[in-house]
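Let's take a friendly walk through this structure, with an eye on charged pairs and paired strands. Keep the sequence and the 3D view open as you read.

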Amino acid sequence: MLKRKDMLGLYETDAEEICEILDTADKMREFLDGKNKKSDLLAGKSLITLFYENSTRTRTSFELAGKYLGANEVNISAAASSVQKGETLIDTGETLDSMKIDFIAIRHPMAGAPRLLAEHVKASVLNGGDGMNEHPTQALLDMLTVRRKFGKIKGLKIAILGDIKHSRVAKSNLFGLKKLGAEVWMYSPETLMPKAIEKLGAKVAKSREEAIEGADAVMGLRIQLERQHGGLFPSLSEYSKFYGVKDELLKYAKKDAVILHPGPVNRGVELTPTLIDGKSSEILEQVTCGVAVRMALLKLLSEYREANL
């Protein structure tokens, strides 16, 4: 059983909890391959998806996770809510809490928003990405994808290349992968690499070749132009030429290495189209695992709520 009512980040989640989530998600992944994707496990429960930023994969997978488990699901877009009338996050949360909901999945442009919300509601809060802080469910689905491919995480080398500085995905993956014994290498332009990332356990490569050498999984990260406020690299074409993952670079990785990307992919920038669509790509499997992970979290948080709240 999880030790908390909320899933806010992997920095505070221990290895035992992560393994329990992945074990449960593995069963949910098998469930998704079945013909009847309907369960009454969360019958009578309610899930609100509260997104202050655009999303396709994360929001939809939370919605489907709730529906597949039998929960009542309602989506709230900040652009069409009382937020536009000046309502604060706390007021929004307390209003929803008064409707006796059980779960709130939130995405917010400000780091720490999910934690603030969790402190003011009885519902369980699931962080769907907060600013440049964390995106725990994305990291968990990445880890599930890798573990299902290799049967383990401990001892693997994971290479993460791209916009590390602005990536909440990179941070959550670093926290989770390190706790389960993986080696995490990162590479990006200096302007897109956090200066203290090595203190968190990452190994910073001096070249794409060094990052990918002997890697079991190679993850490209999206260039997040919406979070950048200056010219951190000359152009997308130059970024692709000097920092993108090219087909010929895969020769440095292990023969059975997989290609990952949290999506959406800027084709030809972070990864070449042939890598995205190739036999080594697990990008679409990541999407499926995303539903499984969010189903697992709803189940485990529900069990915590029944035992402790």
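Asp216 is a good place to begin: this residue is buried, with a relative accessible area of 4%. Here buried means under 20% relative accessible area, exposed means over 50%, and partly exposed lies in between (1.4 Å probe, protein chains only). A word on the source: this is a predicted model, in which local features need pLDDT of at least 70, side-chain atom pairs count only at pLDDT 80 or more, and totals for chains, interfaces and linings use all residues. Residues are numbered from 1 along each chain as its sequence is written, and side-chain values use heavy atoms, with hydrogens and water left out.

**Salt bridges**

Side chains of opposite charge can pair when their charged atoms come close. A salt bridge is counted when a side-chain nitrogen of Lys or Arg is within 4 Å of a carboxyl oxygen of Asp or Glu. The structure holds 17 of them, including the three in this table.

| Acidic residue | Basic residue | Closest N and O atoms |
|---|---|---|
| Asp216 | Lys254 | 3.2 Å |
| Glu53 | Arg168 | 3.2 Å |
| Glu285 | Arg29 | 2.9 Å |

Glu285 belongs to helix α10 (residues 283-308) and Arg29 to helix α1 (residues 15-32), so this pair ties together parts that are 256 residues apart in sequence. Helices (H or I, at least four residues) and strands (E, at least two) are DSSP runs, numbered from the N terminus. Arg29 is buried, with a relative accessible area of 7%.

The partners Glu53 and Arg168 are both buried. Lys254, by contrast, is partly exposed, with a relative accessible area of 39%. Elsewhere, Arg4, Glu12, Glu17 and Arg115 are linked in a network of salt bridges.

**Arg147**

Arg147 sits in helix α5 (residues 136-150). Its side chain makes a polar contact of 2.9 Å with that of Asp23. Such a contact is a pair of N or O atoms within 3.5 Å; within protein, one must be able to donate a hydrogen and the other to accept it, and residues adjacent in sequence count only if both atoms are side-chain atoms.

**A four-stranded sheet**

Strands of a sheet pair through backbone hydrogen bonds, either parallel or antiparallel. In the order β2-β1-β3-β4, four strands form an open sheet with parallel pairing. Strands β2 (72-77) and β4 (124-130) each have a single partner strand, so one side of each is left without a neighbour in the sheet. Two strands count as paired if DSSP finds at least two bridges between them; β3 (residues 103-108) and β4 have five, in the parallel sense. His108 has Asp130 in β4 as its bridge partner.

**Strand β5 and its partners**

Which residues of β5 point one way, and which the other way? Lys157, Ala159 and Leu161 point one way, Ile158 and Ile160 the other, and all are buried. In a regular strand the side chains alternate between the two faces of the sheet.

β5 (residues 157-161) pairs with β6 (residues 183-187) in the parallel sense over five bridges, and Leu161 has Tyr187 as its bridge partner in β6. β5 also pairs with β8 in the parallel sense, over four bridges; there Ala159 stands opposite Val218. Together, β5, α6 and β6 make a right-handed β-α-β unit: with the strands pointing away from the viewer, the path from the first strand over the helix to the second runs clockwise.
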